[in-house]
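Welcome, and thanks for opening the viewer. Please show side chains as sticks and keep your selection tool handy, and we will walk through a few charged pairs together.

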Amino acid sequence: MALFGNHYDYFLGYALSGGGAKGFAHLGALKVLEKCKLKPDIIAGTSAGALAGVFYADGFHPDEIAELFRKREFREFVELTIPKTGFLKNTGLHTFLKKNLRASRFEELQIPFCAVATDWSRATTVIFSNGNDLVDAVVASCSVPIVFSPQVMNGIQYVDGGLLKNFPVSVIRKKCKYVIGVNVSMMMPPSSKENIKTMMERTFNLMSNSNTLFDKSYCDILIETKGIEKFSMFDLQNLQTIIEAGYHHAAVKMSEDESWKIVKRCLRHNELTKKVHSQLSRFKRG
């Protein structure tokens, strides 16, 4: 909880966008933010941002998260199904999260975390932030329609949060003094090869980009990872290149004077918070 600036629940929040495999750029950005000695008080993530965000909220370093995915292939995270609501099931991703996350409940995470999904029937954005459905919520946030079958939770079908809220800045905006947003989903050019996969990717890219404009304007610091538009939504082979691009663009943005002013305020707040906690601890000990 933010001690200074009483009308905010949190001082610093991170909002991580969706973007498929381009979401590995979040790991590069998170490394830069760590070098700035920043730690968020809350994280909101959509789709790939939820995947990166939940591991970071669970105490993993960005390099550790990258290592979990290194040398893996897309097919390890999915299971073919008879096309009805989607071509693939997210069973592999569910198993992967269950195996590697230390927390099984939202409340067990080291940093408060919000996973953004879409209620398929009601066509509304849903924010998951508490309870036992941590793994299911992240899987739901990543369930791209048509490609994946919806994730069913308590009888309700949920799909990728990027459908309506690809960049979840507004999810935490009113709760935070400052929000740093990392948007990895730039407008991708039409593919030279037209097939079902490339048509679906571009359709989802156009849709998700159209709903980010509002949220971009709500960032105190906006980090955008350009130059990775060419990579496929399901490309796990260029992980390191994508991470490096995220690192580069974050480093450039955080070196700007306006960004550094916010960093200094956050660091000052952290120091004051530590002093207050220290004094309270001494007072309690008598």
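## A tour of some salt bridges

Start by selecting Asp119: this residue is buried, with a relative accessible area of just 3%. Keep in mind as you look around that the model is predicted.

Now add Arg122 to the selection. The side chains of Arg122 and Asp119 form a salt bridge, with 3.0 Å from N to O. What is the relative accessible area of Arg122? The value is 55%, and Arg122 counts as exposed because the exposed class begins over 50%. Asp119, at 3%, is buried because that class covers values under 20%. This bridge therefore joins an exposed Arg122 to a buried Asp119.

Next, clear the selection and pick Glu34 together with Lys39. Their side chains meet in a salt bridge at 3.1 Å, N to O. Is Glu34 buried or partly exposed? Glu34 has a relative accessible area of 23%, which makes it partly exposed. Lys39 is partly exposed too, at 43%.

For the last stop, select Lys253 and Glu256. The closest N and O atoms of this salt bridge lie 3.2 Å apart. Lys253 is partly exposed at 24% relative accessibility, and Glu256 is also partly exposed, with a relative accessible area of 34%.

If you would like to keep exploring, how many salt bridges does a search of the whole structure find? The search finds 10, among them the pairs Arg122 and Asp119, Glu34 and Lys39, and Lys253 and Glu256.

Notes:
Residues are numbered from 1 along each chain as its sequence is written. This is a predicted model: local features need pLDDT of at least 70, side-chain atom pairs count only at pLDDT 80 or more; totals for chains, interfaces and linings use all residues. Side-chain values use heavy atoms; hydrogens and water are left out. A salt bridge is a side-chain nitrogen of Lys or Arg within 4 Å of a carboxyl oxygen of Asp or Glu. Buried means under 20% relative accessible area, exposed over 50%, partly exposed in between (1.4 Å probe, protein chains only).
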